[in-house]
Amino acid sequence: MFFKGPIPTDNLYKFLAIFGLVIIGITLVNLTFLADDLESLVTALASLDSLDRLTSNKFFRDALGTEGLNNPIPFTIFTKFTVLIGKAVINLIFLTIGTVSSASGFGLWFFRRQILEDQLLMSDLELKVNDVKRSDAEFQIFALEAKIRDWELSKRMEELGIETDNAEASEEDDS
């Protein structure tokens, strides 16, 4: 059996928007860690006086490992710096993907769903206001018709010479 109805695109738009926000959040956290690593690298480079000082730095010992200590220092530092820059570029690409996904999800949701739903709500509100106005007008018409019937009835009773409570009340008001 085939599904014959509108595709629930609202959920797709929400997924795009939330997916983009999650990607942005993860990327920003990862970029802060990369910034800390890059700051450590720059600090180590600025305070680099000799190979002994470089190998005593915990960041470089962890980064270079035992086989890295046998490599020439400039090549190892350049490699570590290149890896950090590569990770930063990859994170910026993911940041761009997250931003585009989030913006497209929110934009599609707003322009394709929310505007239509707002228009439906406004038309529904207009219908309800018109119903209230119509029922109020109908009530006023009903009240006027009742007054006219009472007036016609009292005139007819006066023509026939029958006194009504309204006539007695009007005589009491005159005295």
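Two aromatic pairs turn up in this structure, which is a predicted model. One of them, Phe15 with Phe19, is stacked, with 5.8 Å from centre to centre and 20° between the planes. The protein chain itself is built from five helices and zero strands, and helix α4 (residues 73-160) will come up a lot below.

**Aromatic pairs**

- Phe15 and Phe19 sit in helix α1 (residues 9-46), four residues apart, which is about one turn of the helix.
- Is Phe15 buried or exposed? Phe15 counts as exposed, because its relative accessibility is 52% and the exposed class begins over 50%.
- Its partner Phe19 comes out at 36% relative accessibility, so Phe19 counts as partly exposed.
- The other pair is Phe110 with Phe111: their ring centres are 5.1 Å apart and their planes stand at 80°, so this pair is edge-to-face.
- Phe110 is partly exposed, with a relative accessible area of 36%, while Phe111 is exposed, with 59%.

**The chain as a whole**

- Reading from the N terminus, the elements go α-α-α-α-α.
- How much of the protein chain is buried? Buried residues account for 15% of its 175 residues.
- About 13700 Å² of the protein chain is exposed, and carbon and sulfur atoms supply 66% of that area.
- Take the contacts between residues at least 6 apart in sequence: 69% of them join residues at least 24 apart.

**Salt bridges**

- How many salt bridges does a search of the whole structure find? The search finds three.
- Arg113 pairs up with Glu117, and the closest N and O atoms of this salt bridge are 3.4 Å apart.
- Both Arg113 and Glu117 belong to helix α4, where they are four residues apart, or about one turn of the helix.
- Arg113 has 31% relative accessibility, so it counts as partly exposed; Glu117, at 31%, is partly exposed too.
- Asp124 makes a salt bridge with Lys128, with 3.7 Å between the closest N and O atoms.
- Why are Asp124 and Lys128 separated by about one helical turn? It's because they are four residues apart in helix α4.
- Asp124 has a relative accessible area of 34%, so it is partly exposed.
- Asp131 and Arg134 also join their side chains in a salt bridge, at 3.2 Å from N to O.
- Here the spacing along helix α4 is three residues, again about one turn of the helix.
- On accessibility, Asp131 is partly exposed at 37%, and Arg134 is partly exposed at 48%.

**A nonpolar patch on the surface**

- Which residues make the nonpolar surface patch of about 590 Å²? They are Phe81, Ile85, Val89, Ile90, Ile93, Phe94 and Ile97.
- Ile85, one of the patch residues, lies in helix α4.
- With a relative accessible area of 37%, Ile85 is partly exposed. That value also clears the patch cut-off, because patch residues need over 30% relative accessible area.

**Asn91 and its surroundings**

- Asn91 is another residue of helix α4.
- Is Asn91 buried or exposed? Asn91 is buried: its relative accessible area is 7%, and buried means under 20%.
- What does Asn91 touch, if we leave aside neighbours within four places in sequence? Its contacts are Thr27, Asn30, Leu31 and Leu34.

**Apart in sequence: Thr32 and Ala88**

- Thr32 is part of helix α1.
- Thr32 is partly exposed, with a relative accessible area of 45%.
- Between Thr32 and Ala88 there are 9.9 Å in space, C-alpha to C-alpha, although the two are 56 residues apart in sequence.

Key: Residues numbered from 1 in each chain as written. Predicted model: local features only at pLDDT ≥ 70, side-chain atom pairs only at ≥ 80, totals over all residues. Heavy atoms only, no water. Patch = residues over 30% accessible without salt bridge, like charges linked within 9 Å, V, L, I, M, F, W, Y side chains within 5 Å. Areas by Shrake-Rupley, 256 points an atom, 1.4 Å probe, with all protein chains shown as cover. Salt bridge = Lys/Arg side-chain N within 4 Å of Asp/Glu carboxyl O. Helix = DSSP H or I, 4+ residues; strand = E, 2+ residues; numbered from the N terminus. Buried < 20%, exposed > 50% of the residue type's maximum accessible area, 1.4 Å probe, protein only. Phe/Tyr/Trp six-rings, centres within 6.5 Å; stacked < 30°, edge-to-face > 60°. Contact = heavy atoms within 4.5 Å.
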